[in-house]
Amino acid sequence: MYFCTISLANYNKSRTSVDGIKSLRLITAVKTPYLPDGRFDLEAYDSLINTQINGGAEGVIVGGTTGEGHLMSWDEHIMLIGHTVNCFGTNIKVIGNTGSNSTREAIHASEQGFAVGMHAALHVNPYYGKTSTAGLISHFDEVLPMGPTIIYNVPARTGQDIPPAVIEALSGYPNMAGVKECVGHERVKCYTDKGIAIWSGNDDECHDSRWKYGATGVISVTSNLVPGLMCSLMFEGENTTLNEKLQPLMKWLFSEPNPIGLNTALAQLGVVRPVFRRPYAPLSLEKRTEFVRIVEAIGRENFVGQKEVQVLDDDDFVLISRY
């Protein structure tokens, strides 16, 4: 069995400063790969993290939407954060998704995440059981004192927008690193004009958010596949040619709810096993075939992994309900 031992020494590492988080340009919302029985495939996971480091990513979100934190137990979740810190924390910033729609759970998970050494927390607003503006501020008030924090606004998933008044009310907290914002360019500009650090949460908009609207960078799904190209997009100035070249890939990735496209793509690139925790299922055969054409158009050398991209058959995928 492959594993990377978690050292207690990492629990007491000095925390990263908030400014150290605010400066990050490319943060990858990293995929969590699985073994055929549904457990974490840590060997594949570590390979993915190393690829991100080598490709220029400066941070990773562990157990976010893309990493399927919502399909993990909290024990699994905190273990994976600790594992990532222990094995890679000196080379990349580890941001643990310890948010919850329960303030109690968010507090407890954040305490555990910082205890195992994560550099920052990612916190979504309470979803499904939505609250008031005062409730939103109260919720974030409880977690912000713990350490550097990125607030995540994704109304399409939570069913509730975090309005600017809430972010502005929280912006004075010393631990408020910034916002992962999915509403669009105008909202990004609203915050950057006030000096609030913003990461685009929309890969297809991140180039313009970065270079035209003042965003710090992007928290990206696409960088799981092409970290080097996404690094260029965030660091090397306006590049409309590269941005346009990547648009078909980004459109393909989000043709179904994330992380379905990413899980399918990484399996076809041969860098993770084609194992899905339900309720996720792979993209259609038509879409799987389209992905091969997209890889060929962008260039296989720009994608993660060393194997030839292939079209997987339906029977190649393993869908796990109990794990």
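Two strands count as paired if DSSP finds at least two bridges between them. Keep that in mind for the exercises below, which all work on a predicted model.

**Exercise 1. Strand 1 and its neighbours**

Work out which strands pair with strand 1, and in which sense.

Step 1. Start with strand 8 (residues 217-220): strand 1 shares 3 bridges with strand 8, in the parallel sense. The cut-off is at least two bridges, so the pairing stands. To pin down the register, look at Leu 26, which sits opposite Val 218.

Step 2. Now try strand 2 (residues 59-62). Strands 1 and 2 run parallel too, joined by 3 bridges. Here Ile 27 is the residue to look at, facing Gly 59 across the pairing. To get from strand 1 to strand 2 the chain goes through helix 2 (residues 42-55), and this β-α-β crossover is right-handed.

Step 3. What about the faces of strand 1 (residues 26-29): are they covered or open? In a regular strand, side chains alternate between the two faces of the sheet. Leu 26 and Thr 28 lie on one side, Ile 27 and Ala 29 on the other, and all of them are buried, so both faces are covered.

**Exercise 2. Strand 6, from inside the sheet**

Find how many residues of strand 6 are buried, then trace the strand's partners.

Step 1. Count first: 6 of the 6 residues of strand 6 (residues 176-181) are buried, so the rest of the structure largely encloses this strand.

Step 2. Strand 5 is one partner, parallel to strand 6 and joined to it by 5 bridges. Asn 153 stands opposite Glu 181 in this pairing.

Step 3. Strand 7 (residues 198-200) is another partner, again parallel, with 3 bridges to strand 6. Val 179 is matched with Ile 198 there. The connection from strand 6 to strand 7 passes through helix 8 (residues 185-192), as a right-handed β-α-β crossover.

**Exercise 3. The buried side of helix 5**

Decide which residues of helix 5 are buried, and whether they sit on the same side or on opposite sides.

Step 1. The buried residues are Leu 136, His 139, Phe 140 and Val 143. Around the axis they cover an arc of only 90°, which puts them on the same side of helix 5.

Step 2. What do they pack against? The partners are helix 4 (103-115), strand 4 (120-124), strand 5 (149-153) and helix 7 (164-170).

Step 3. For contrast, check Thr 133, which belongs to helix 5 (residues 133-143). Its relative accessible area is 43%. Buried needs under 20% and exposed needs over 50%, so Thr 133 comes out as partly exposed. Thr 133 is also 8.2 Å from Ile 162, C-alpha to C-alpha, with their positions 29 residues apart in sequence.

**Exercise 4. Ser 223 and helix 10**

Place Ser 223 in the fold, say whether Ser 223 is buried or exposed, and list what it touches.

Step 1. Ser 223 is in the loop between strand 8 and helix 10 (227-235). With 0% relative accessibility, Ser 223 counts as buried.

Step 2. Leaving out residues up to four places away in sequence, Ser 223 touches Leu 26, Ile 27, Thr 28, Gln 52 and Met 230. Met 230 is among the buried residues of helix 10.

Step 3. Move on to helix 10 as a whole. 7 of its 9 residues are buried, so helix 10 is largely enclosed by the rest of the structure. Those buried residues pack against several elements, including strand 1, helix 2 and strand 8. Just after helix 10, Gly 237 has a positive phi of about 85°.

**Exercise 5. Rings**

Classify the Phe 291 and Phe 303 pair, and say which parts of the chain the pair ties together.

Step 1. A search of the whole structure turns up 4 aromatic pairs. In one of them, Phe 291 and Phe 303 are 6.2 Å apart, centre to centre, with 85° between the planes. Angles over 60 degrees count as edge-to-face, so that's the class for this pair.

Step 2. Phe 291 lies in helix 13 (residues 285-298) and Phe 303 in the loop between helix 13 and strand 10 (318-320), so the pair ties together parts 12 residues apart in sequence.

Step 3. Both rings belong to buried residues: Phe 291 has a relative accessible area of 0%, and Phe 303 has 5%. Ring pairs also bring in Trp 252, giving a cluster of Trp 252, Phe 291 and Phe 303.

Methods. Residues are numbered from 1 along each chain as its sequence is written. This is a predicted model: local features need pLDDT of at least 70, side-chain atom pairs count only at pLDDT 80 or more; totals for chains, interfaces and linings use all residues. Side-chain values use heavy atoms; hydrogens and water are left out. Helices (H or I, at least four residues) and strands (E, at least two) are DSSP runs, numbered from the N terminus. Buried means under 20% relative accessible area, exposed over 50%, partly exposed in between (1.4 Å probe, protein chains only). The arc is that of the directions from the helix axis to the C-beta atoms. Contact means heavy atoms within 4.5 Å. Rings of Phe, Tyr and Trp (its six-membered ring) pair if their centres lie within 6.5 Å; planes under 30 degrees apart count as stacked, over 60 as edge-to-face and the rest as tilted. A crossover is right-handed if, with the strands pointing away from the viewer, the path from the first strand over the helix to the second runs clockwise.
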